[in-house]
Amino acid sequence: MLRALLVAPPGAGKGTQGERLADIYGVPHLSTGELLRAEVAKRSKIGLDVESFMHRGDLVPDELMAPLLLGYLTGPEPLSGFVLDGFPRTAEQAELAHQWGLASGITFNAVISLDVPAEELVERLVRRGSEVSRSDDTIETIRLRQQVYAKSTEPLLEYYRGRVILIEVDGTGTVDEVTRRIRE
Ligand code: AP5
Ligand code: MG
């Protein structure tokens, strides 16, 4: 059963590859960004609380993020497999994921990171911003999301490399090529 975490910068293809891996391995794809955007669209209490953080490209505080995600992971039927996209994003969240794994007897089999040059990431997101409406796909917000990733999330790769479950994949080329590399 696949239990994978996707840790990669904005635009690297977490959502694109996460969906495909989830289909291939028959597990749910859980994207924290998608879960949060769904709350914003519903105008729920948590949606209203997180909207401004997302709009400016900052991380949503853990006290809002963690209960939402844990609700999906643990729910009435705890998930035995999943592709988790966009969590953990900080050392605190990595610790939370670790504690949750210990408490539920679940280990992660793979942390997948996708490597894409910064200029290509910006191009992809600017292109998406012109096609789909995501309020954080403006050039200023893309830059801030990149800075937040470099400061808070990228250091996690070292942590997972040390735990020998990090799989580093070249995220450039076609979507099919990237999927093939991950599966290999
Ligand atoms: P989130 O939704 O996770 O956004 P992100 O990390 O900025 O990443 P994206 O979703 O923009 O990109 P992606 O890596 O999924 O790439 P995609 O496949 O879409 O988070 C949004 C916000 O929510 C955060 O800023 C934060 O506020 C909050 N949040 C989320 N998780 C949180 C957490 N754990 N803690 C606190 N806050 C949290 O691809 C991008 C584009 O490129 C698409 O148009 C796609 O079609 C295209 N593309 C994909 N692959 C290729 C390819 N191989 N070649 C060419 N184009 C490609
Ligand atoms: Mg995404």
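## Terms and model

A cavity is a set of grid points where a 1.4 Å probe fits but cannot get out, and its lining residues have an atom within 4 Å of a point. The structure described here is a predicted model.

## Internal cavities

There are 2 cavities of 30 Å³ or more in the structure. The largest cavity has a volume of about 70 Å³. Helix α4 (62-74) and helix α5 (91-104) are the elements that contribute two or more residues to its lining, and α4 gives the most, with 4 residues. Among the lining residues are Leu5, Phe87, Trp100 and Phe108. By class, this lining comprises 11 nonpolar residues, with no polar and no charged ones.

The second largest cavity holds about 50 Å³ of space. Its lining includes Val7, Pro9, Lys14, Arg89 and Tyr149, and divides into 8 nonpolar, 2 polar and 2 charged residues.

## Ligand site

Ligand 1 occupies the largest pocket and is surrounded by 30 residues, the closest being Thr16, Thr32, Asp58, Arg89 and Arg128. The shell consists of 11 nonpolar, 10 polar and 9 charged residues. Helices α1 (14-25), α2 (32-42) and α6 (118-131) each supply at least two of its residues; α2 gives the most, with 4 residues.

Side-chain polar atoms approach the ligand at several points. An N or O atom in the side chain of Thr32 is 2.7 Å from a nitrogen atom of ligand 1. Polar side-chain atoms of Arg89 and Arg128 lie 2.6 Å and 2.7 Å, respectively, from an oxygen atom of ligand 1. Taken alone, ligand 1 exposes 1000 Å², of which the protein buries 88%.

How values were computed: Residues are numbered from 1 along each chain as its sequence is written. Chains are lettered from A and ligands numbered from 1 in the order in which they are written. This is a predicted model: local features need pLDDT of at least 70, side-chain atom pairs count only at pLDDT 80 or more; totals for chains, interfaces and linings use all residues. Side-chain values use heavy atoms; hydrogens and water are left out. A residue is near a molecule or strand if one of its heavy atoms lies within 4 Å of it. A polar contact is a pair of N or O atoms within 3.5 Å; within protein, one must be able to donate a hydrogen and the other to accept it, and residues adjacent in sequence count only if both atoms are side-chain atoms. Accessible areas come from the Shrake-Rupley method with a 1.4 Å probe; for residues, only the protein chains shown count as cover. On a 1 Å grid over the protein atoms alone, a cavity is a set of points where a 1.4 Å probe fits but cannot get out, and a pocket is an open set with protein on both sides within 12 Å along at least five of seven lines; lining residues have an atom within 4 Å of a point. A molecule sits in a cavity or pocket if more than half of its atoms lie within 2 Å of its grid points. Ala, Val, Leu, Ile, Met, Phe, Trp, Tyr, Cys and Pro count as nonpolar, Asp, Glu, Lys and Arg as charged, and the others, Gly among them, as polar. Grid points are joined across faces, edges and corners, and a volume is the space filled by probe spheres set on the points.
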